[in-house]
Amino acid sequence: MAVSNSREASEAAAEVLKAGGNAVDAAVALGFALAVSWPEAGNIGGGGYAVIRMRDGRAAVLDYREIAPLAATRDMYLDADGKLTDKSVFGHLASGVPGAVAGMAAMLERYGTMPLSRVMQPAIRLARDGFTIDTALAGSIARARGPVTRFARNTPFFPNGEPLAAGARLMQPELARTLEAIAVQGASAFYRGWVADSLVAEMQRGGGIITREDLSRYTPVWREPLRSTYRGYAVIGMPPSSSGGVTSIEALNILEQYPKLPPFGSAGYLHLVGSAFQRAFIDRNAKLGDPAFVPVPIAELTSKSYARRWQASIAPDRATPTRTLENLSSPPAREPEHTTHYSVVDSLGNAVAITTTLNNSWGSGVWVRGAGFMLNDEMDDFAAQPGKPNMFGLVQGEQNAIQPGKRMLSAMSPTIVLDQADRVLLVIGAAGGPTIITGVSQVILNVLEHRMTLGDAMRAPRIHHQALPDSLTYEAGGFGRAVLDSLRTMGHGMREIRSLVNINAIMRVPGGWEGLPEPLRSGGAVGH
Ligand code: DON
């Protein structure tokens, strides 16, 4: 079973599963196919995280997040007056050194059974022969017109300057050539061969700073999986450089302190869940960063005793302002000085959860001429100016300031939950910036705490709190007016939004697996 934001990409995974590949083979096939069929977020010009659980009990996590180029500097996005510019989001300076190709090759080599040349076939076919675009992709292309046409003419998405319409065929011959080179020569084609030359030439054309040295030094990192439990169910998550695992586990730990949570949808429940997220994000925003550069107190933040302290600060009927809570959080250890998720399982019970991103939809807007792919704008995930909000309104601190070679803090949260017999129960993750953490945590709560089916758990309305701005955001149409009024009376700043997050998940059900793409977005679950 494979679930992603693109039916074509999920079909690529199913094709590899049918041919005898395992979940990792299929996930890599899906990842490359997604770079063709969902170019707003599927990518080879970005990065991501993979959580892998093999049937024999081994668990592994791979960090293939982008890194800041060697020439990056702390204040590179400030103008002469010290004001933040939009260059961390748009254009050639916005990109971190891409990790996607190195990451996918590394996970295939360690846990796959098929060669890259085999699993990349569906992606190459999709790029070379094209595929018919649906309304979701056509809408995405139309929305990308401004940023993409600003930096490149002649992309396949805008023939004659006009966006491709639904029903048209998208052919990407340059991308097909790039993928073929990777399939034959491996990741080195991207980091050292002619694709690297094209990327560097693109940088030089637009005033970017990624060099051949940046590309040849890039390496993905196998990390120790983050492990916790929620009411006896094991949760395996992504440690920093993503904040996803730590923050979600911290929030779940705070909520676990209550012997039983109030019913789903009640004001009491939303107050507790929102307050737990608020506290976990206070720690996230101040204390987390790339562990290769700053000390990160992972053990403390994910401990049950730490959660008890935070839980004690939650009044049962009153919101606490973020600014007063910040003093309660222990000070950070001082240094000496549009995303997409896919979940895949195979018939043996191996499982892979991968979230990958260009950051914004269509990344920096820069398309690498000659090589046919979009570049990320991941540099905006750093605190480009510590203490000032980024694109997602996240107010982050010194731990996440820009340094050359550093990974920018992420919210991506690919997660695997095990059942009490230690079998894979839930394979989940999401797109949506900081709402990834809160969205994934809520589906886990819906399944483990409220015993919902996957369909109900995914369709249930969601809330979000990220400490600052100090407000409780909720999805329109989901909660009763009386509930919202009660939360307002408790002192929560209530903010309505149409939809918060884009989740793709698989859950074990009697006799097999149920896969479900985000109900409010495009995508496909394909099994066999
Ligand atoms: O790594 C992160 O946290 C962000 N780059 C994720 C961006 C995102 O989810 C945008 N998506 N819709």
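Here a visitor asks about a predicted model and a guide answers.

Visitor: Which helix gives the most residues to the largest nonpolar core?
Guide: The largest nonpolar core has 90 residues. Those with the most contacts inside it include F32, I44 and L179. The helix that gives the most to this core supplies 12 residues, and that is helix 2 (residues 23-37).

Visitor: Leaving aside its neighbours within four places in sequence, which residues is L179 in contact with?
Guide: L179 is among the residues with the most contacts inside the largest nonpolar core. Its neighbours within four places in sequence are left aside here. The contacts of L179 are then F32, V36, I44, M120, A123, I124 and A127.

Visitor: How many residues does the other core have?
Guide: This core lies apart from the largest one. I249, A251, V443 and I463 are among its members. Its count is 85 residues.

Visitor: How far apart are the end C-alpha atoms of helix 13?
Guide: Helix 13 covers residues 267-287, which is 21 residues. At 1.5 Å a residue, it should span 30 Å. The distance in the model agrees with that: 30 Å.

Visitor: How many of the 21 residues of helix 13 are buried?
Guide: A residue counts as buried when its relative accessible area is under 20%. Helix 13 is largely enclosed by the rest of the structure, because so many of its residues are buried. The number is 19 of the 21.

Visitor: How much of the ligand's area does the protein bury?
Guide: The ligand is surrounded by 15 residues, and T339, D381, S410, A411 and G433 are the closest. A polar side-chain atom of N359 lies 2.8 Å from a nitrogen atom of the ligand. Taken alone, the ligand exposes 350 Å². Of that, the protein buries 96%.

Visitor: How far is the polar backbone atom of G433 from an oxygen atom of the ligand?
Guide: G433 is one of the closest residues to the ligand. A polar backbone atom of G433 faces a ligand oxygen across a distance of 2.6 Å.

Visitor: Is N360 buried or exposed?
Guide: N360 is found in the loop between strand 10 (351-357) and strand 11 (367-368). Its contacts include E40, H338 and D377. The cut-off for burial is under 20% relative accessible area. N360 has 18% relative accessibility, so it counts as buried.

Visitor: Is Q204 buried or exposed?
Guide: Q204 sits in helix 10 (residues 194-206). Q204 and H92 are 112 residues apart in sequence, yet 8.8 Å apart in space, C-alpha to C-alpha. A residue over 50% relative accessible area counts as exposed. Q204 has 62% relative accessibility, so it is exposed.

Visitor: Which residues of helix 1 are buried?
Guide: What covers the buried residues of helix 1 includes strand 1 (2-4), helix 2 and helix 5 (121-129). Strand 20 (524-526) is also part of that cover. The buried residues are A9, S10, A12, A13, A14, V16 and L17.

Visitor: Which residue takes a positive phi just after helix 1?
Guide: At the start of helix 1, a side-chain oxygen of S6 reaches to within 3.3 Å of the backbone nitrogen of E8. Just after the helix, a phi of about 100° appears, and it belongs to G20.

Key:
Residues are numbered from 1 along each chain as its sequence is written. This is a predicted model: local features need pLDDT of at least 70, side-chain atom pairs count only at pLDDT 80 or more; totals for chains, interfaces and linings use all residues. Side-chain values use heavy atoms; hydrogens and water are left out. A nonpolar core is a set of buried Ala, Val, Leu, Ile, Met, Phe, Trp, Tyr and Cys residues joined through side-chain atoms within 4.5 Å. Buried means under 20% relative accessible area, exposed over 50%, partly exposed in between (1.4 Å probe, protein chains only). Helices (H or I, at least four residues) and strands (E, at least two) are DSSP runs, numbered from the N terminus. Contact means heavy atoms within 4.5 Å. The expected span of a helix is 1.5 Å times one less than its number of residues. A residue is near a molecule or strand if one of its heavy atoms lies within 4 Å of it. A polar contact is a pair of N or O atoms within 3.5 Å; within protein, one must be able to donate a hydrogen and the other to accept it, and residues adjacent in sequence count only if both atoms are side-chain atoms. Accessible areas come from the Shrake-Rupley method with a 1.4 Å probe; for residues, only the protein chains shown count as cover.
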